[in-house]
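Trainee: I have a new model open and want to learn how to read it. Where do we begin?
Mentor: Let us take it feature by feature.

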Amino acid sequence: MSARRENIARQRHDKLERIRARGLDPYPPRYHRNHTAQQAVALFEQQESGGGPGPQVKLAGRLVASRPMGKAAFIDLRDGSGKIQVHLRSQIEDYGLLQDLDIGDIIGVEGALFRTHSGQITLEASHIVLLAKSLLPLPEKWHGLADVEKRYRQRYLDLVSNQEARDVFRVRSRAIVALRRFLDERGFVEVETPVLQPMAAGALARPFLTHHQALGQDLYLRIATELHLKRLIIGGFDKVCEIGRIFRNEGISTRHNPEFTTLESYEAYADYNDVMVMVEEMVSYIAREVLGSDKVSFGGSTLDLAPPWPRITLRDAIREGCGIDFEECPDAPSLRQQMEAIEVELGPAPIGRGRLIDRLISLYVESDITQPTFVLDYPVDMSPLAKRKPEDGRLVERFEAFAGGMEIANAFTELNDPVEQRQRFEEQEKLRAALGDEEAERVDEDFLTALEHGMPPTGGLGMGIDRLVMLLTGQQSIREVILFPQLKTKQ
């Protein structure tokens with residue numbers, strides 16, 4: 001703490017002791033307000049046309065500005081709904097408390113509302129009470145905390161200081177409410193599946209490992225909810241979904257956080273074409289419900305989320321992006337040769353064909369897609385849980401949805417043949433052993449046993465909630481839409 005901040009903190013502690021010496025509790029256990037700032041303003045405007053005195057209200061919030069004016073003072077009070085001006089006259093009993101209040105203190109005020117000569121709706125305070133003394137000052141520029149790392153490490157200061165930050169997380173909350181409503185109206189049953197799992201499966205990702213003391217067993221934080229949700233389809237639920245946290249032991253970037261939120265949904269007797277229609281309708285619906293429009297600004301462009309979204313095959317997208325036709329490269333060495341010919345940096349370590357194609361997507365497809373677009377039909381190498389296309393067994397019925405230069409959704413017609421699913425898992429295990437690929441799929445015997453009991457044709461979806469909120473709020477970093485993003489611990 002700087003010397004200046006230490007001095008301010010010491011002064012505030014002195015004020016705290018003076019308040020206690022006056023027999024006041026600076027942290028009372030309760031205070032019952034009857035309106036928010038926004039409700040108070042709306043109430044005054046509703047009654048103003050009738051004449052007569054303004055309504056009496058009881059408000060509470062943080063003191064964010066103070067303007068002494070001789071024997072009176074104006075202060076600004078802000079709560080979760082907004083800000084309101086308060087006028088205090090020296091004649092009121094509690095006026096002396098003002099000298100021991102600081103910016104950042106939580107206070108309660110009550111009195112009548114009126115409109116000043118300048119037209120501002122204001123509370124004429126008849127009583128003021130301290131609810132929580134702030135012992136540390138707000139940031140120097142409380143109206144706009146600029147230190148990015150401090151905003152993430154001390155999110156509470158970011159929320160106090162930045163209206164934009166509060167707005168982002170309100171949009172996030174409303175978006176999730178709208179998402180749930182959309183799925184509920186279509187008959188999906190929302191469920192919860194285990195976070196701690198004996199097998200990290202359902203995605204190509206490196207897991208976090210933990211240990212359960214009582215069981216004497218290592219467990220993994222889930223990397224997907226897919227395999228448990230498919231068990232529920234097998235069990236007789238026709239439509240299931242889960243909105244929950246996923247944990248992947250991966251790098252941190254503007255698009256990646258090791259702990260993130262996804263929607264996964266599974267619908268029996270549907271395929272990836274049905275899921276495509278649902279996704280474009282769902283995203284458009286959420287935008288209209290939250291923002292009032294299905295057009296959003298992102299990265300200097302206006303994205304049109306209204307369906308239908310364009311569709312392009314992955315083969316065509318990669319060919320357009322870099323000229324490589326992966327179907328002419330049946331194995332990893334031949335594809336690697338093509339990629340090295342266009343100077344893609346790959347490093348000396350061997351990489352499987354699926355990983356190489358994924359690299360091409362990152363370099364030449366994803367970043368070039370601005371408007372929401374479905375990219376269809378992926379190689380089997382990349383999709384161990386998806387069903388082959390009947391007309392071309394080298395490909396699976398899979399799509400990824402991209403918008404604003406990033407992936408926002410991934411979906412399959414789900415593989416429901418237990419014999420082929422076992423073969424796919426075993427091929428992934430071979431990649432893990434041969435190439436040291438820690439993100440390869442594992443053989444999940446319990447899931448295979450469930451699948452052997454029969455799963456109907458099913459369309460499955462995974463959608464990143466954080467990236468969807470990025471699109472809706474125009475944020476370029478995932479850290480701006482996660483309240484407490486992962487940061488390296490300060491020593």
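Trainee: Which residues of helix 5 meet helix 13?
Mentor: Keep in mind that this is a predicted model. From helix 5, the residues are V168, V171, R172, A175, I176 and L179. On the helix 13 side they meet I465, D466, V469, L472 and T473.

Trainee: At what angle do helix 5 and helix 13 pack?
Mentor: The angle is about 120°, and the axes lie 10 Å apart. Helix 5 covers residues 163-185, and helix 13 covers residues 465-473. That angle makes helix 5 oblique to helix 13. The crossing of helix 5 past helix 13 is right-handed.

Trainee: Now helix 6. How many of its residues are buried?
Mentor: Helix 6 spans residues 226-234, and 7 of its 9 residues are buried. It is mostly covered.

Trainee: Which residues of helix 6 are the buried ones?
Mentor: They are E226, L227, L229, K230, R231, I233 and I234. Note that charged letters such as E226, K230 and R231 are on that list.

Trainee: What do the buried residues of helix 6 pack against?
Mentor: Four strands and a helix are not needed by heart, but find them on screen. They are strand 10 (239-247), strand 11 (259-268), strand 18 (406-413), helix 12 (445-452) and strand 19 (458-464). Then look just after helix 6, where G236 takes a positive phi of about 120°.

Trainee: On to sheets. What holds strands together in general?
Mentor: Strands of a sheet pair through backbone hydrogen bonds, in a parallel or an antiparallel sense.

Trainee: In what order do strands 7, 8 and 9 stand in their sheet?
Mentor: The order is 7-9-8, in an open sheet with antiparallel pairing. Strand 7 (196-197) and strand 8 (209-212) each have a single partner strand, so one side of each is left without a neighbour in the sheet.

Trainee: How many bridges link strand 8 and strand 9?
Mentor: They pair over 4 bridges, in the antiparallel sense. Strand 9 is residues 217-221. To find the register, start at H212, whose bridge partner in strand 9 is Q217.

Trainee: Is strand 15 mostly covered or open, and how many of its residues are buried?
Mentor: Strand 15 runs over residues 373-379, and 7 of its 7 residues are buried. It is mostly covered.

Trainee: In which sense does strand 15 pair with strand 14, and in which with strand 17?
Mentor: With strand 14 (residues 311-313) the pairing is parallel, over 3 bridges. With strand 17 (residues 392-403) it is antiparallel, over 6 bridges. Two residue pairs help you find your place. R311 has F374 as its bridge partner in strand 15. P379 stands opposite L395 in strand 17.

Trainee: What should I expect of backbone angles in general?
Mentor: Most residues other than glycine have a negative phi, and most peptide bonds are trans. Now look for the exceptions here.

Trainee: What phi does D377 have?
Mentor: D377 is not a glycine, yet its phi is positive, about 65°. It sits in strand 15. At 10% relative accessibility, D377 counts as buried, because the cut-off for buried is under 20%.

Trainee: Is E343 buried or exposed?
Mentor: E343 is exposed, with a relative accessible area of 71%. It also has a positive phi of about 65° without being a glycine. Look for E343 in the loop between helix 9 (332-341) and helix 10 (353-364).

Trainee: Which residues does the cis peptide bond join?
Mentor: It joins P307 and P308, with omega about 0°. P308 is in the loop between strand 13 (301-304) and strand 14.

Trainee: One side chain to finish. Where does H87 lie, and what does it touch?
Mentor: H87 lies in strand 3 (residues 82-89). It is buried, with a relative accessible area of 8%. Its side chain makes a polar contact of 2.9 Å with that of E124. Beyond its close sequence neighbours, H87 touches residues including F74, F114, T122 and L123.

Trainee: And the whole protein: how many helices and strands are there?
Mentor: There are 13 helices and 19 strands. Of the 491 residues, 50% count as buried.

How values were computed: Residues numbered from 1 in each chain as written. Predicted model: local features only at pLDDT ≥ 70, side-chain atom pairs only at ≥ 80, totals over all residues. Heavy atoms only, no water. Pairing = 2+ DSSP bridges. Helix = DSSP H or I, 4+ residues; strand = E, 2+ residues; numbered from the N terminus. Buried < 20%, exposed > 50% of the residue type's maximum accessible area, 1.4 Å probe, protein only. Polar contact = N/O pair within 3.5 Å; in protein donor to acceptor, adjacent residues only side chain to side chain. Contact = heavy atoms within 4.5 Å. Axes fitted to C-alpha atoms, helices over the stretch in contact; angles between N-to-C directions. Parallel < 35°, antiparallel > 145°, perpendicular 65-115°, else oblique. Left-handed = near helix turned anticlockwise from the far one by under 90°. Lists of a residue's contacts leave out its neighbours within four places in sequence.
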